[in-house]
Every structure is written in structure tokens, then in C-alpha cells.
Amino acid sequence: MLKEFRNFLIKGNVVDLAVGFIFGAAFATLIKSLVENIIMPPIGLLLGRVDFSQLFISLDGNSYATLADLEKVGAPAIKLGVFANDAISFTILGFVMFMFIKSYNKLKKEEVVVAKTKVCGDCAMEIPVAAKKCGHCGNTAV
């Protein structure tokens with residue numbers, strides 16, 4: 001059983017999956033940083049110096065100056081800004097992955113289709129490529 005498990009790990013796609021997962025986590029961190037540090041500040045500036053990460057609705061009836069103050073006391077809240085950042089991150093990640101897969105598919109080698117038959121010049125019937133004589137009309141100049 002131990003040998004089968006080892007073979008599963010080595011021969012299966014487990015290593016490929018692990019590498020993909022690690023790169024995926026690193027890529028998600030990069031996209032999150034892109035959204036929070038590059039994309040959202042100019043959007044907030046254009047919308048009147050709004051910091052999206054600080055948009056929240058306190059559900060306990062009290063008013064808090066920042067999200068950090070709200071989280072310090074553990075008050076429940078609807079965190080609209082955090083959700084907006086996550087939604088934008090998801091959209092950007094989806095677009096980047098779409099472009100990556102599209103580029104990958106262009107680079108991937110297309111399968112060359114090898115013809116198995118050819119058409120006889122006299123009778124127009126399909127015959128095997130290796131045929132030296134047409135089986136339908138007997139033409140030898142195939």
C-alpha cells in the first residue's frame with residue numbers, strides 16, 4: 001500500500017498540482033497587491049479622495065472613524081470597501097488568467113493531421129496513401 005501511494009505521488013499529477021497551487025497562491029497575492037496599491041488609490045482619488053478599504057456600515061449603532069477602530073472593538077459591520085477590493089481583484093485575476101490561457105493556447109503546438117487516404121486521379125475515389133494502384137479503377141499512376 002505504501003508503494004502504491006508513493007507511485008501515486010510520483011506518477012500522478014500531484015506534483016504538478018502542488019506547483020500550480022503554490023504559484024496560484026503567489027499570483028493571488030500579487031493581484032491583491034496590484035488592486036490595493038496601484039488600482040484603487042487612483043480610482044478613490046477620481047471619486048473624491050475615497051479610500052475604498054474604509055467604506056463600511058457599522059451594525060452596532062455606533063460610529064467609528066476607521067475600519068481598524070471598528071475591528072479593534074470587534075463590532076459587526078458590512079465591509080463594503082473590502083468587498084469592492086475583492087471584487088475588483090477577482091475581475092482582474094479572471095482577465096489575467098484569460099489572457100494567459102489565450103497566449104498559452106497560441107503557443108501550444110497544434111497537432112499535425114497526417115492524411116491516411118488520397119484521391120485517385122482517374123476515378124476520384126479515396127484510396128490509402130501507401131497504395132501504388134487504385135483498387136477501384138486499377139490506375140497505377142496514383
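**View 1. Lys-32 and Glu-36 join their side chains in a salt bridge, 4.0 Å from N to O.** The model shown here and in the other views is predicted. Both residues belong to helix α2, which covers residues 14–46. They stand four residues apart, about one turn of the helix. Lys-32 is partly exposed, with a relative accessible area of 42%. Glu-36 is also partly exposed, at 36% relative accessibility.

**View 2. A salt bridge links the side chains of Lys-79 and Glu-71.** The N to O distance here is 3.1 Å. For Lys-79 the relative accessible area is 33%, which makes this residue partly exposed. Glu-71 is partly exposed as well, with a value of 44%. The structure holds two salt bridges.

**View 3. Helix α2 bends by about 45 degrees at Met-40.** A proline, Pro-41, follows within four residues of the bend. The helix has 33 residues. From its first C-alpha to its last, α2 reaches 46 Å, close to the 48 Å expected at 1.5 Å a residue. Just after the helix comes Gly-48, with a positive phi of about 90 degrees.

**View 4. The buried residues of α2 pack against α4.** Helix α4 spans residues 80–107. On α2, the buried residues are Ile-31, Val-35, Met-40 and Gly-44. Met-40, where α2 bends, is thus shown again here as one of the buried residues. Lys-32 of the salt bridge in View 1, by contrast, is partly exposed.

Methods
Residues are numbered from 1 along each chain as its sequence is written. This is a predicted model: local features need pLDDT of at least 70, side-chain atom pairs count only at pLDDT 80 or more; totals for chains, interfaces and linings use all residues. Side-chain values use heavy atoms; hydrogens and water are left out. Helices (H or I, at least four residues) and strands (E, at least two) are DSSP runs, numbered from the N terminus. Buried means under 20% relative accessible area, exposed over 50%, partly exposed in between (1.4 Å probe, protein chains only). The expected span of a helix is 1.5 Å times one less than its number of residues. The bend at a residue is the angle between axes fitted to the seven residues ending there and the seven starting there. Contact means heavy atoms within 4.5 Å.
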